[in-house]
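Visitor: I am new to this structure and would like to understand the words used for it. Could you show it to me and then take my questions in turn?

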Amino acid sequence: MKMVPILILSGFLGSGKTTFLTRMLDDCLKKGIRPAVIMNEVGDVNLDGQLVNAEVPMSEMLSGCICCTIRGDLAMETRRLIDEASPDLILVEATGVANPIEILDAITEAAMLTPIEIRAMITVVDAAHFLQRSRNGKGKTYRLMTDQIRCASMLVLNKSDLAGAEELKEIRKRLTELNPFAPIVTTAHCEMDEAVWRRVLAGKDEAGALDRLLAGQRERFAPDASGERRCEHEHGDGHSGHHHSYDHVMVCSHYFPKPVDDRRLERVMKELPAGVYRAKGIFTSSETGERVMFQYAYRQLELIPIRPQGQVQDVAVFIGEHFSEQALLGQLKEAMKSS
Ligand SMILES: Nc1nc2c(ncn2[C@@H]2O[C@H](COP(=O)(O)OP(=O)(O)OP(=O)(O)O)[C@@H](O)[C@H]2O)c(=O)[nH]1
């Protein structure tokens, strides 16, 4: 039976996974390779899917994480993609808050039911954000970031345009301490040489980083003396029950009832509470009547004119921690009142 290779994209929120994905898809299509995509979002809308070439078969897994809450659907979605599109390669974009070990476990479970094999686990790192968190060195978000880095067969050190040469040196050193086996590719907007793309596609991994990950994972899957499969999941504060790696992350959405003034939206974005580290959305500009996608990650805002594929409502999604959802949505509604 032909095994379909799977490439998993991991990395914290806003690090550049979708940017990597769209570049990789373009590269595959140019080379005559037929890719398919599984996109996972913690929120109930998949805006990043709008950036994916309409030719590429895609499965959207929303409102949960494939590593835990909607893990059971992964095998079914993979099977469906293979049956309907017989792709040469499947790219899985995990949510930015997915626990990487559990993604591996989820895909291994799916592999018991579908002819797939993991070719690479690529973690995209936002240079400046990682440096800032690692200098502080604590907190759930930093721990999740380090787990994503440890659990990679390749590291893409992205957003190098937003860090200085000395900072990049410091980051590379920290990355190597966390994961000595994964090669590090430094990029801006995930741009890479042709030779690197070829290596990624071929799953070239001389230091055996993927084998090490899979060996650890086989151990987790091996039944113990009682015949039970060992459970590696984190459990919250001593109580039973699964503790999702994104328990501390909040997601809230706001549907825009009418067109939005671009400048007002920009102002709201500039004044977002510090706890909101990621926001994205689509709106209709009251100035031009055109649809616009916005992407906000760590104080950087990008507005991209877009022609949505299919029916997409005007919506904004905010992701972060320790912010008041009520206050944020109130502020947004107030600012939009006279748009
Ligand atoms: N300055 C800069 N911006 C970048 C770079 N790579 C990506 N971005 C921008 O950062 C934002 C987030 O990028 P995405 O590719 O959507 O990040 P992501 O990891 O898919 O985000 P989530 O899916 O929300 O976790 C977008 O506005 C990108 O255009 C980079 O190298 N430099």
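Visitor: What is the order of the strands in the open sheet of seven strands, and which way do they pair?

Guide: This is a predicted model, in which local features need pLDDT of at least 70 and side-chain atom pairs count only at pLDDT 80 or more, while totals for chains, interfaces and linings use all residues. Residues are numbered from 1 along each chain as its sequence is written. The seven strands follow the order 3-2-4-1-5-6-7, and their pairing is parallel. Strands (E, at least two residues) and helices (H or I, at least four) are DSSP runs numbered from the N terminus.

Visitor: Why are strand 3 and strand 7 said to stand at the edges?

Guide: Strand 3 (58-61) and strand 7 (184-186) each have a single partner strand, so one side of each is left without a neighbour in the sheet. From one strand to the next, the twist averages 20°.

Visitor: What makes strand 6 and strand 7 a pair?

Guide: Two strands pair if DSSP finds at least two bridges between them. Strand 6 (residues 154-158) and strand 7 run parallel and are joined by three bridges, so the definition is met. In strand 7, isoleucine 184 is the bridge partner of leucine 155. Helix 6 (residues 165-178) packs on this sheet, where it touches strand 5, strand 6 and strand 7, and its direction makes about 160° with that of strand 6.

Visitor: How do you know which strands are the edge strands in the sheet with the order 8-12-9-10-11?

Guide: That open sheet has five strands with antiparallel pairing, and strand 8 (250-255) and strand 11 (300-305) are its edge strands, since each pairs on one side only. Strand 10 and strand 11 run antiparallel and are joined by six bridges, and tyrosine 296 stands opposite leucine 301 in strand 11.

Visitor: What is the angle at which helix 4 and helix 5 cross, and how is such an angle defined?

Guide: Axes are lines fitted to C-alpha atoms, for helices over the stretch in contact, and angles run from 0 to 180 degrees between N-to-C directions. The axes of helix 4 (residues 127-136) and helix 5 (residues 140-150) come within 10 Å and cross at roughly 115°. Contact is called when the C-beta atoms of two residues, placed from the backbone, lie within 7 Å; Phe130, Arg133, Ser134 and Asn136 in helix 4 meet Thr141, Tyr142 and Met145 in helix 5.

Visitor: Which domains is the protein divided into, and where do their bounds come from?

Guide: The bounds come from an automatic or database domain assignment, which gives domain 1 (4-221) and domain 2 (250-336). Their C-alpha centres lie 26 Å apart, and the contact takes ten residues from domain 1 and 17 residues from domain 2.

Visitor: What makes a residue part of the shell around the ligand, and how many are there?

Guide: A residue is near a molecule if its C-beta atom, placed from the backbone, lies within 6 Å of it. There are 21 residues that surround the ligand, and the closest are Lys17, Thr18, Thr19, Gly96 and Gln295. Helix 1 gives the most to this shell, with three residues, and each of domain 1 and domain 2 supplies at least three.
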